[in-house]
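Welcome! Let us walk through this structure together, one region at a time. Please have the model open as you read.

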Amino acid sequence: MKFPSSKAQGDMYKEAKRSSYFDLPALDVSIAFPQATPASIFPPCASDYYQFDDLLTPDEKETRQKVRKCMEKEVAPIMAKYWEKAEFPFEVVPKLGALCIAGSTLKGYGCPGLSITASAVATAELARVDASCSTFILVHSSLAMLTIGMCGSESQKQKYLPSLAKLDTIGCWALTEPDYGSDASALRTTATKVAGGWILEGQKRWIGNSTFADILVVFARNTTTNQINGFIVKKDAPGLQATKIENKIGLRIVQNGDILLKKVFVPDEDRLSGVNSFQDTNKVLAVSRVMVAWQPIGIVMGVYDMCHRYLKERKQFGAPLAAFQINQQKLVQMLSNIQAMILIGWRLCKLYESGTMSPGHASMGKSWITLRARETVSLGRELLGGNGILADFLVAKAFCDLEPIYTYEGTYDINTLVTGREITGISSFKPAAVRQQSRL
């Protein structure tokens, strides 16, 4: 048999492309798969089986409902498109700003002064529809704004917080470095005192919002005291460079960046006087870790809601998928996990409000909740079959988005070691051989 030459094959392909369907756009998913409703029309919430809503105050319920309404109406229809392109939907920023949730627990300076529980349920409602939007707000509010609110001077609060609270300006939080992730307290970025201010030199990585943030809260090691200090750096500072990290498979809408600081001058007025050691940074992380624990709660709520509707709409073998015993078992397992996750998250909030939450409490909550979330989302992935790998039906996107959340704000392993140290009194972060060598 004689095969066409390579040139002939190329000509045949070009002709086919000119005269056939190759250039047609993809079918809309509602036409390609009419038997089930895509996530652009978000399903009603069906996951509050133990009526957690009864534990909320009227204000907390109002916060939950307004965030849910906004996310379902404004974000759900566009999230898959932006996730696929790995671009941020700046069009929704004014709508998120109108919710008045940025600044969360901070009072005054245009901040809402929410309870920690209201802030937590708002975080969950954001993540229920889109985890990236939740991370955007968390970085901006529970890290950048909270650091200024807890560690900044009165003039810094008055200068920066009002516009940040309205999302007229955006913040990011730069702690992690290429060589120091879990071991963040060993960071190498330096701050050297000079006349009228400080010179920052170093590099940061994985910094959410950094490619478009107006202000960057940057942590650096004071070359005189060797302690960690905090600084507010403006986006147009000479020597500052932020570039997007490409090729992520999770939280694709979040614009994580690499930051280079080359002799960046920060005036004395933008030194955060309340950050004088890594322990001061931990005060902020204690709050944000509670919020991060509520992100996977929101994610699994959305996945369950999607699966609950899908199983009743999708039919095989002449019956809805919800009629099959094994599918019901998986759905109930998902729902059981969600109830336990919510109650752990709620208890964390109450411990924080009473002033009795320890680092071990926060770490165990974050690690355990994310572990259960992984299991729950995996079950949802199974239930949706082939559609479980399409972002159009939410579960695949949630499956990928959960992975970075499982890792950031302390990996599962690091958080378990924080709790382990607290309950045993023995630190096991460094191997014994390394600890022995450091003492020599």
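Let us begin at a small loop: Phe-317 sits between strand 11 (315-316) and strand 12 (319-320). What you are looking at is a predicted model. Phe-317 has a phi near 55°, a positive value in a residue that is not glycine. Is its side buried or exposed? With a relative accessible area of 80%, Phe-317 is exposed, because the cut-off for that word is over 50%.

Now step back to take in the whole chain. You will find 14 helices and 12 strands in it. Its radius of gyration is 24 Å, close to the 22 Å that the globule rule gives for 440 residues, so the chain is as compact as a globular protein of that length. Taken along the principal axes, the box filled by the C-alpha atoms is roughly 75 × 65 × 50 Å. Of the 440 residues, 50% are buried. Among contacts with a separation of 6 or more, 76% join residues 24 or more positions apart.

From here we can go inside. In soluble globular proteins, nonpolar side chains tend to be buried together. In this model the largest nonpolar core has 130 residues, and those with the most contacts inside it are Phe-136, Ile-148, Leu-200, Val-233, Trp-294 and Ile-299. Helix 9 (residues 278-313) gives the most to this core, with 19 residues. Take Phe-136 as an example of what such a residue meets. Beyond its neighbours within four places in sequence, Phe-136 is in contact with Phe-88, Val-93, Leu-96, Leu-167, Ile-170, Asn-209 and Phe-212.

One of those partners of Phe-136, Leu-167, deserves a visit of its own. Leu-167 lies in the loop between helix 8 and strand 3. Although Leu-167 is not a glycine, its phi is positive, at about 60°. Where Phe-317 is exposed, Leu-167 counts as buried at 6% relative accessibility.

Follow the chain back from Leu-167 into helix 8 (residues 154-165), whose 12 residues reach 16 Å from the first C-alpha to the last, close to the 16 Å expected at 1.5 Å a residue. Which residues of helix 8 are buried? They are Gln-156, Lys-157, Tyr-160, Leu-161, Leu-164 and Ala-165. Seen down the axis of helix 8, these buried residues fall within an arc of 125°, so they line one face of the helix. An α-helix has 3.6 residues a turn, so residues three or four places apart point the same way. The face of helix 8 turned away from the buried side carries the exposed residues Ser-155 and Gln-158. Among the elements that cover the buried residues of helix 8 are helix 7 (131-151), strand 3, strand 6 and strand 7 (228-234).

Follow the chain forward from Leu-167 instead, and you come to strand 3 (residues 171-174), which is covered on both faces. In a regular strand the side chains alternate between the two faces of the sheet. Here Gly-171 and Trp-173 are on one side of strand 3, Cys-172 and Ala-174 are on the other, and all are buried. Strand 3 pairs with strand 6 (residues 215-222) in the parallel sense, over four bridges. The bridge partner of Cys-172 in strand 6 is Leu-216.

Trp-173 also leads us to Thr-147, a residue it contacts. Thr-147 belongs to helix 7, and at 1% relative accessibility it counts as buried. Leaving aside neighbours within four places in sequence, the contacts of Thr-147 include Gly-152, Val-217, Phe-219, Leu-272 and Val-284. To get a feel for distance, look from Thr-147 to Arg-372: they are 225 residues apart along the chain, and their C-alpha atoms are separated by 30 Å.

Our last stop is helix 13 (residues 412-424). Its 13 residues reach 18 Å from the first C-alpha to the last, close to the 18 Å expected at 1.5 Å a residue. The buried residues of helix 13 are Asn-415, Val-418 and Thr-419. Viewed down the axis of helix 13, they fall within an arc of 90°, so they line one face of the helix. Their cover includes helix 9 and helix 11 (359-383). Just after helix 13, Gly-425 takes a positive phi of about 80°.

Technical notes. Residues are numbered from 1 along each chain as its sequence is written. This is a predicted model: local features need pLDDT of at least 70, side-chain atom pairs count only at pLDDT 80 or more; totals for chains, interfaces and linings use all residues. Side-chain values use heavy atoms; hydrogens and water are left out. Buried means under 20% relative accessible area, exposed over 50%, partly exposed in between (1.4 Å probe, protein chains only). Helices (H or I, at least four residues) and strands (E, at least two) are DSSP runs, numbered from the N terminus. Two strands pair if DSSP finds at least two bridges between them. A nonpolar core is a set of buried Ala, Val, Leu, Ile, Met, Phe, Trp, Tyr and Cys residues joined through side-chain atoms within 4.5 Å. Contact means heavy atoms within 4.5 Å. The expected span of a helix is 1.5 Å times one less than its number of residues. The arc is that of the directions from the helix axis to the C-beta atoms. The radius of gyration is taken over C-alpha atoms; the globule rule is 2.2 Å times the number of residues to the power 0.38.
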